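Colleague: Got a minute to walk me through this one? I'd like to start at the surface and work inwards.

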Amino acid sequence: SNIPYNEENAKVTKQDEAYNIVLLQGANGVPLFPYEMSPSVTNSTFVGSQCSVLYSALGIENMGLRNLYDIEAEGEAQHIYSLGEILEIYYNERAKETAAKEKIIKVGLYYLPVCVDEEHLKFEAKPIWYILSDVEYGTLNDTFREWTVYDAVTGEELAC
């Protein structure tokens, strides 16, 4: 809007409250990865599936659907790294860095859609582990939000 900023119109009231609801598509209780990844990993730019709704006292103010998939069949069961095993890999890799402090904010198991047929836009789901953390580097005295993704089958770190 073109309303000029001043202290009076900067106050937030009960009428300004709103809810941002995000729904994730998935299979067997595991959601599809809602964020974008490197096309070198996904073979596509069509990733980041989610439905988001902004709801306030006025009703639905905004709604968006992004990259929904037709889930046709389930593949074969695969053995994946456990949460403990992935965290061990993560911390062993981070021990080599000079991070002063790190706080893990979120860890999640997701399916990453990987394009296997570009002409027909067919995807297969790759199980991945996602780790989001706040890292404070001692020399910079600043905190950075970082995320790391691992192939849940091989334990290999993937390009974000």
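Colleague: Which strand does Met 63 lie in?

Modeller: Met 63 lies in strand β5. Before we go on, this is a predicted model, where local features need pLDDT of at least 70, side-chain atom pairs count only at pLDDT 80 or more, and totals for chains, interfaces and linings use all residues. Residues are numbered from 1 along each chain as its sequence is written, and side-chain values use heavy atoms, with hydrogens and water left out. Helices (H or I, at least four residues) and strands (E, at least two) are DSSP runs, numbered from the N terminus.

Colleague: Is Met 63 buried or exposed?

Modeller: Met 63 is exposed, at a relative accessible area of 52%. The classes are buried under 20% relative accessible area, exposed over 50%, and partly exposed in between (1.4 Å probe, protein chains only).

Colleague: Which residues form the nonpolar patch on the surface?

Modeller: Tyr 19, Ile 21, Leu 23, Tyr 55, Ile 60, Met 63, Leu 65 and Leu 68 form it, with about 870 Å² of accessible area together. Two or more of these residues come from each of β1 (18-23) and β5 (59-66). Patches take residues with over 30% relative accessible area and no salt bridge, joining like charges within 9 Å and nonpolar side chains (Val, Leu, Ile, Met, Phe, Trp, Tyr) within 5 Å. A salt bridge is a side-chain nitrogen of Lys or Arg within 4 Å of a carboxyl oxygen of Asp or Glu. The areas come from the Shrake-Rupley method with a 1.4 Å probe, and for residues only the protein chains shown count as cover.

Colleague: Zooming out, how many helices and strands does the protein chain have?

Modeller: Two helices and nine strands, in the order β-β-β-α-β-β-α-β-β-β-β along the sequence. Of the 160 residues in the protein chain, 29% are buried.

Colleague: Now inwards. Which residues make up the largest nonpolar core?

Modeller: Eleven residues do: Phe 33, Met 37, Val 41, Tyr 110, Leu 112, Val 114, Ile 128, Tyr 130, Leu 132, Val 149 and Leu 158. β6 (99-117) and β7 (122-137) each supply at least two of them. Apart from this core lies another, of six residues, including Ile 86 and Tyr 150. A nonpolar core is a set of buried Ala, Val, Leu, Ile, Met, Phe, Trp, Tyr and Cys residues joined through side-chain atoms within 4.5 Å.

Colleague: And where is Phe 33 found?

Modeller: Phe 33 is in the loop between β3 (30-31) and α1 (39-42). Why is Phe 33 called buried? Because its relative accessibility is 0%. Leaving aside neighbours within four places in sequence, its contacts (heavy atoms within 4.5 Å) include Ser 49, Tyr 110 and Trp 147. The C-alpha atoms of Phe 33 and Ser 49 are separated by 6.6 Å, though the two are 16 residues apart along the chain.

Colleague: Switching to something charged, what does the side chain of Asp 151 join up with through a polar contact?

Modeller: The side chain of Lys 126, at 3.1 Å. A polar contact is a pair of N or O atoms within 3.5 Å; within protein, one must be able to donate a hydrogen and the other to accept it, and residues adjacent in sequence count only if both atoms are side-chain atoms. A polar atom of the Asp 151 side chain also lies 2.7 Å from the backbone nitrogen of Val 153. Asp 151 is in strand β8 (residues 142-151) and is buried, at 7% relative accessible area.
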